[in-house]
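The following paragraphs lead the reader through one part of a protein model. The sequence and the structure are shown first.

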Amino acid sequence: MKIIVTSIFVPDQDKALAFYTKTLGFVKKHDVPSGEYRWITVVSPDDQDGTELLLEPNEHPAAKEYQKKLFADGIPVTMFGVSNIHEEYQRLIKHGVEFTMEPTEMGDFTIAVFDDTCGNLIQIIEHK
């Protein structure tokens, strides 16, 4: 068994797709109609057959509340691995990304947390 798709809730799929592709650098894998919304997934440009991230509409009241509370409590909804967190941090800062935690060493890891502009906090991590 392996993880093939994971999801994050977003209020606006088009805005999320733009941020995750243009700002973060992911590649759109799927964008197909799915009822009132779309099945939109992005993947790492380095592993286009790897795990997909679904940009899932947060239209359900429970999804909205879940997303809102995690954000308010400063809890990241997911984690992305990077090879050089300081370079990635500087690259994202230049793209206007707002961080709630600058790169911080924690044992064998360095982590940072940013706002994805879609109601989520995302953690990036580098393993030394």
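Two residues are said to be in contact when heavy atoms of one lie within 4.5 Å of heavy atoms of the other. The model under discussion is predicted.

The starting point is C118, a residue of the loop that links strand 7 (109-115) to strand 8 (121-127). With neighbours within four places in sequence left aside, C118 is in contact with F9, V10, P11, K15, A16 and Q67. One of these partners, V10, is 108 residues away from C118 along the chain, yet the C-alpha atoms of the two are separated by 5.5 Å. The relative accessible area of C118 is 3%; C118 therefore counts as buried, the limit being under 20%.

The next step is the sheet. Its four strands follow the order 1-4-3-2, and this open sheet has mixed pairing. Strand 1 (5-10) and strand 2 (27-34) each have a single partner strand and stand at the edges, so one side of each is left without a neighbour in the sheet. From one strand to the next, the twist averages 25 degrees.

In general, the strands of a sheet pair through backbone hydrogen bonds, in either a parallel or an antiparallel manner. Here, strand 1 and strand 4 (residues 52-57) run parallel and are joined by six bridges. F9, one of the contacts of C118, stands opposite E56 in strand 4.

Helix 1 (residues 13-23) packs on this sheet and touches strand 1, strand 2, strand 3 (37-43) and strand 4. The direction of helix 1 makes about 10 degrees with that of strand 3.

Definitions and conventions. Residues numbered from 1 in each chain as written. Predicted model: local features only at pLDDT ≥ 70, side-chain atom pairs only at ≥ 80, totals over all residues. Heavy atoms only, no water. Helix = DSSP H or I, 4+ residues; strand = E, 2+ residues; numbered from the N terminus. Buried < 20%, exposed > 50% of the residue type's maximum accessible area, 1.4 Å probe, protein only. Pairing = 2+ DSSP bridges. Axes fitted to C-alpha atoms, helices over the stretch in contact; angles between N-to-C directions.
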